[in-house]
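Work through the exercises below with the sequence and the model open. Try each task before you read its solution.

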Amino acid sequence: MDTLVDILLLAFIAICAIAILRLRDLFAVAMMFGMFSLIAAGLFTTMHAPDVAFTEAAVGAGIATILILVTLGQTARREKSQAGRNVLLPLLVVWITGATLIYGTADLPVFGDPQAPAHTHVAPYYIENTQEHIGIPNMVAAVLASYRAYDTLGEVVVVFAAVIGVITLLGLRRRPAGVESRPRDLEKHQVLKVIAKMIIPVILLFGLYVQFHGEYSPGGGFQAGVIFAAGIILYALVFGLEPARQVIPPRVLGALPALGVLIFGGTGVLNQLLGGNFLDYSVLAGNPQTAQQMGIIMIEVGVGVTVGSVMLLIYFIFAERALGRRKDDGEVGR
Amino acid sequence: MSLFAHYNYHLAIILAMIGFYTMISRSNLVKKVIGLNVFQVSVFILFISIGVHEDGTVPILREGYHMYSNPLPHVLILTAIVVGIAMTAVALALVVRIREEYGTVEEDQVQAQDEEPGAT
């Protein structure tokens, strides 16, 4: 049964990918991409990875699709015809690369094989020791926030660097004077407004649950951050950019990505000050398990703050830019 | 059997190649970014497939279960997804800037403008 579901999802995802390649209307491509991500999230669930599925659903189907749509609003709605372009060379390259990779899979262990190298080296260590070392059931959170906290710190800093990059490229607030955010089509729909009002509190509450229950069930800072941001972005889409910007004052929002990294790094430094190693939580409390859990909760909060605020900032920057363009460009994207 | 046993890996490769082809054969920059994302998701599927243990379950400790799938790929991929969207945002920001400077997001037109004599 599992295999059947798996194969069905794989077939759907392949169809979506081909549709993304073939379609010319880029708005349709963006929607197909959202579906593609949602099916990928389903696939991750069947492959025992609910944490990954959460993230993929919120990021791929939510935030990435919206960012692509906002970009399309500022660029072009349709792809130019490809007539006259040489397709033979790309096809050849793709076929050769694909064939080589497929040939390479012949040596790989069978799908799900318990004897595969992936299951016989470091994974048993995490599975056997998480309970004893850390005392939380969710191994993914344990590996993310404790065993491999150093890697996670690096990833949070990359996310932080990305928002710096976007700010450098597009500017925090570059709306020409006198441009007001006028009601868009979406904001006129009463049904959307009523439904959004009902859904948004639930999304935000779920985000908080995922953040603070992440040690016991699928979840954690990364998932919570994107879910929370997706909730506020939905509010911005339905009720307009200005009201959404007032949810978190821009001055505060601008400081939050740095604050999250500071909480994460600060937890590490705190351990050093208490006589331990960087990000080794065992010195935080007398009982090593309690200490680990305290450390994990602290850095998960740091991750959640950075990821959530970065996603929001990026969306606001893109949306502001779109408003600015409307004024000096008239109808964009022919 | 041997063909069937690797179907997840094969599909990941097919998806990767569709994404790759989208990137190298289309000139629209937004479409290229979407192609890159398709490629990225295929890598996620490959990683998570490698972590699957056929007798295992979701890696959350619970009484009565002893076999779990490998949690390590899950950690790698869930952070990779968030880093991936951050990178996508930077790429899309570049596309927006290119559109503002060149008035187009088609790669060949941008190139043609660059090669025009007198272009800076």
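**Exercise 1. Give the pattern of chain B along the sequence, then judge its overall form.**

Step 1. Along the sequence, chain B reads α-α-α-α. That is four helices and zero strands. Helices (H or I, at least four residues) and strands (E, at least two) are DSSP runs, numbered from the N terminus.

Step 2. Keep the source in mind: this is a predicted model, where local features need pLDDT of at least 70, side-chain atom pairs count only at pLDDT 80 or more, and totals for chains, interfaces and linings use all residues. Residues are numbered from 1 along each chain as its sequence is written, and chains are lettered from A and ligands numbered from 1 in the order in which they are written.

Step 3. Compare radii. Chain B has a radius of gyration of 20 Å, well over the 14 Å from the globule rule for 120 residues, so the chain is more spread out than a compact globule. The radius is taken over C-alpha atoms; the rule is 2.2 Å times the number of residues to the power 0.38.

Step 4. Check the spans. The C-alpha trace of chain B covers about 75 × 30 × 15 Å along its principal axes.

**Exercise 2. Describe the side of chain B that touches chain A.**

Step 1. Count. In chain B, 69 residues are in contact with 82 residues of chain A. Contact needs C-beta atoms, placed from the backbone, within 7 Å.

Step 2. Assign elements. Two or more residues each come from α1 (7-25), α2 (29-51) and α3 (71-102) of chain B. The largest share, 23 residues, is from α3(B).

Step 3. Sort by class. This side has 43 nonpolar, 18 polar and eight charged residues. Ala, Val, Leu, Ile, Met, Phe, Trp, Tyr, Cys and Pro count as nonpolar; Asp, Glu, Lys and Arg as charged; the others, Gly among them, as polar.

**Exercise 3. Place B:E106 and find its contacts.**

Step 1. B:E106 sits in the loop between α3 and α4 (107-115) of chain B.

Step 2. Why is B:E106 partly exposed? Because 19 other C-beta atoms lie within 10 Å of B:E106. The cut-offs are 20 or more for buried, 12 or fewer for exposed, and partly exposed in between, with C-beta atoms placed from the backbone.

Step 3. Leave aside neighbours within four places in sequence. B:E106 then contacts A:K80, B:S27 and B:N28.

Step 4. Compare sequence and space. B:E106 and B:R26 are 80 residues apart in sequence, yet 8.8 Å apart in space, C-alpha to C-alpha.

Terms used: Two residues are in contact if their C-beta atoms, placed from the backbone, lie within 7 Å.
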